[in-house]
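I opened this notebook page to keep track of what I looked up, going from the whole chain down to single charged pairs.

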Amino acid sequence: MPIVSKTRRQTDYNLFPPSVPIVIDNGASYFRIGWAGETEPRVVFRNIVQRPRHKATGETVTIVGDQDPAMMKFFDCTRSGPRSAFDSNVVYQFEIMEYILDFAFDRLGASGSAIDHPILITECVCNPVYSRSKMAELLFETYGVPSVAFGVDAAFSYKYNQRHGKCQKDGIVICPGFTTTHTIPFVDGEPVYKGSCRTNIGGYHVTDYLKQLLSLKYPFHSSIFTWEKAEELKLEHCYIAPDYVSEARKFQEGTKEAEEKTRYWQLPWIPPPVEVPPSEEEIARKAAIREKQGQRLREMAEAKRSSKINEMENELHSLHFLVKQLDQVEEDDIPSFLSDTGYASRQELESTVSKVTQALRKARGEPKDETDEFEENTDSNEKYPLINVPDNMLTPEQIKDKKKQLFLKTTTEGRLRARQKRNEEELEKERRNQLEEERRRENPEFYLEEMRAQYKEVLERVEQKKRLKTNGSNTNGNQKSGNVGRGERLSAAKRERMRLLTTAAFDRGKGEDTFGAKDEDWQLYKLMSKDHDEDDERPDSDEAELARLSSRLQEIDPTFELKAEGEPGQASGEAPRVRPLTEEDYKIVIGVERFRCPEILFHPNLVGIDQVGVDEMVGASIRRLPHDDDKELEEKLTSSILMTGGCSLVPGMKERLECGIRMIRPCGSTINVVQARDPVLDAWRGASAFAADLNFLGNAFTKKDYYEKGEEWLRSYQIQYNTL
């Protein structure tokens with residue numbers, strides 16, 4: 001079951017005299033603190049620190065332990081994740097450790113600046129002297145602790161269970177912890193650290209492995225598989241198989257036993273809304289609304305058109321009036337009259353009248369007068385009078401006007417030619433459509449089959465071009481589109497340019513580079529520098545033909561469907577379509593993961609850690625003992641093996657350990673593996689009982705001892721556990 005944190009602030013701190021020690025179990029996963037002599041720690045929380053920023057004020061706050069989801073929504077945690085003071089199982093971030101101790105002493109009820117109680121704090125096996133020294137310095141200098149004692153958590157748990165008759169004086173303790181696993185042999189009630197063994201595998205790796213497997217299995221639900229959720233699934237469903245290979249074979253074959261061991265986790269799933277086809281009344285109502293809206297738009301367009309026609313008629317009437325007045329003006333007064341009206345010449349006024357007349361006819365929907373087109377083609381001499389005049393007869397200003405008139409004439413003629421070409425293309429298209437329609441009416445089935453064949457042929461050509469652009473044309477004899485080089489992905493023009501460059505670089509023979517010394521080198525240079533990409537930039541006629549055929553097939557064939565992206569026949573390299581998720585996709589199946597994840601405790605190589613498993617660590621610890629092949633001592637050790645630590649709660653651990661140890665021990669050896677009374681809290685309870693003993697202060701050292709004796713003395717410092 002999950003460990004429940006207890007962070008309520010205690011109020012009886014001042015009731016304990018200074019002689020009562022404070023007991024701290026500083027685990028890599030959970031931090032526990034309480035008073036010596038008690039059976040339960042007062043404060044328990046996760047040994048992590050997070051420093052997010054408040055979204056409103058921007059102030060950085062410190063959050064120690066578990067996160068309250070209701071409160072974390074007010075903080076920005078994207079730049080500050082949970083941090084631990086541990087590297088594996090060794091404390092190395094003492095700035096984070098100070099935050100944790102501040103929070104722990106505050107929750108315990110301490111209100112002063114100094115802690116006037118002795119401290120017993122747990123550490124890992126063979127803790128480096130640097131970490132032990134920094135921890136002692138932190139407790140002495142920051143908190144003013146009178147004395148400190150260090151002890152191993154697994155040793156406290158063994159002695160506590162020995163006190164309750166679970167194990168003997170000679171035995172081995174196995175502690176699969178959060179980030180590491182330890183084995184420590186005990187001889188005459190004292191741990192022999194020379195025979196201890198450690199592997200860098202623990203409960204954290206089991207949880208992380210489960211999280212990775214589920215995220216890979218269900219990538220569309222990866223955000224749901226948080227580390228906390230994976231930890232909960234591990235505690236509820238994981239077990240250790242007696243035989244990993246045979247258990248995996250059962251799930252591979254899909255036996256009934258494997259089906260019974262499979263667990264299902266149904267995530268919330270909301271079915272997509274079903275689109276109900278509208279009724280006939282609804283269709284009629286929407287059609288009436290659209291017709292009403294269309295009628296309103298038509299009325300608005302007609303009113304706008306009428307207003308525009310009125311404005312153009314008024315403008316044309318005023319222009320005709322100006323022309324009549326101009327005819328009545330004398331020749332000498334014409335320039336002044338035109339300057340007053342804003343026109344430079346009579347030709348400009350007449351051109352304006354012609355343009356307004358054409359625009360008015362177009363607005364009314366009248367066909368264009370042929371006389372206008374004739375005038376556009378024949379009256380060029382009147383519109384552009386300076387074109388045919390030699391330059392030696394013109395002034396500099398007239399030469400400029402002549403260039404402008406020449407540009408205008410060229411542009412107008414090009415526009416007319418383009419218009420004529422479009423008209424011819426439209427006529428040709430209409431004629432071809434009429435012919436196709438006649439063919440379709442003569443034999444509809446044959447025409448439809450012919451259109452389908454043409455569509456298929458053009459589609460294959462278009463897809464082939466796409467594949468060539470993506471992969472290349474040369475497949476080295478294989479019909480697959482992979483393993484091609486850069487030159488094979490280039491167009492034909494670019495490949496030709498590459499060939500010329502290669503020729504220029506390598507076909508010069510041996511000796512010095514003489515490129516450029518010959519006349520033909522200049523021709524080669526021009527070919528290399530010429531832009532040959534016109535063919536690539538040209539619009540693809542096959543794609544236009546494919547669009548025409550597809551639109552035609554949609555008109556005459558109701559069963560025709562365009563190929564969607566991601567279907568067979570599309571160019572390689574395009575992303576496939578994603579199918580909609582169903583209810584089955586929201587059902588998380590936890591089968592082989594139940595025993596595959598905790599199996600890494602016995603086979604760390606499954607996650608890339610080249611170390612021995614838990615069962616082999618027992619044999620390694622026995623071999624490291626300086627006992628000169630004392631068979632009797634080995635029998636005593638293997639007959640009293642204690643499992644402690646959080647991972648020993650995984651079902652099947654005891655049976656698997658007995659089986660694994662029996663395989664590495666001589667036939668007939670006594671193997672007895674027992675589980676601690678409480679693998680999680682026995683370490684703190686053993687330390688609490690040890691600190692409550694009257695001889696505890698004899699195992700502790702003061703600040704004066706620390707600074708007088710130095711780190712070398714601290715390296716060999718060990719407490720005596722037989723007092724427990």
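The entries below run from overall totals to salt bridges and then to a charged surface patch.

**Entry 1, the whole chain.** I note at the outset that I am working with a predicted model. I looked up the secondary structure and found 27 helices and 20 strands. Of the 724 residues in the chain, 38% are buried, and the accessible surface comes to about 44300 Å², with 51% of that area belonging to carbon and sulfur atoms. I also looked up how contacts are spread along the sequence: among those with a separation of 6 or more, 66% are between residues 24 or more positions apart.

**Entry 2, salt bridges.** My search of the whole structure returned 40 salt bridges, and I followed up several of them.

I began with K703 and E141, whose side chains meet in a salt bridge at 3.6 Å, N to O. This pair links distant parts of the chain, since K703 lies in helix 27 (residues 703-715) and E141 in helix 3 (residues 129-143), with their positions 562 residues apart. I checked the exposure of both partners: K703 counts as partly exposed at 34% relative accessibility, and E141 is also partly exposed, with a relative accessible area of 42%.

I then turned to E282 and R285, which form a salt bridge with their closest N and O atoms 2.5 Å apart. These two residues are three positions apart in helix 9, and therefore about one helical turn separates them. E282 counts as partly exposed at 25% relative accessibility, and R285 falls in the partly exposed class at 44%.

The next pair I looked up was R298 and E291, where the closest N and O atoms of the salt bridge are 3.1 Å apart. I recorded R298 as partly exposed at 46% relative accessibility and E291 as partly exposed with a relative accessible area of 48%.

Beyond these pairs, I found a network of salt bridges that links E40, D678, D682 and R685.

**Entry 3, a charged patch.** Which residues form a negative surface patch? I found that E330, E331, D332 and D333 do. I chose D332 for a further check and located it in the loop between helix 9 (280-328) and helix 10 (334-341). Is D332 buried or exposed? Its relative accessible area is 69%, and because the cut-off for exposed is over 50%, I entered D332 as exposed.

Note on methods. Residues are numbered from 1 along each chain as its sequence is written. This is a predicted model: local features need pLDDT of at least 70, side-chain atom pairs count only at pLDDT 80 or more; totals for chains, interfaces and linings use all residues. Side-chain values use heavy atoms; hydrogens and water are left out. Patches are made of residues with over 30% relative accessible area and no salt bridge: like charges are joined within 9 Å, nonpolar side chains (Val, Leu, Ile, Met, Phe, Trp, Tyr) within 5 Å. Accessible areas come from the Shrake-Rupley method with a 1.4 Å probe; for residues, only the protein chains shown count as cover. A salt bridge is a side-chain nitrogen of Lys or Arg within 4 Å of a carboxyl oxygen of Asp or Glu. Lys and Arg count as positive and Asp and Glu as negative; His and the chain ends are not counted. The place of a charge is taken as NZ of Lys, CZ of Arg, CG of Asp or CD of Glu. Helices (H or I, at least four residues) and strands (E, at least two) are DSSP runs, numbered from the N terminus. Buried means under 20% relative accessible area, exposed over 50%, partly exposed in between (1.4 Å probe, protein chains only). Contact means heavy atoms within 4.5 Å.
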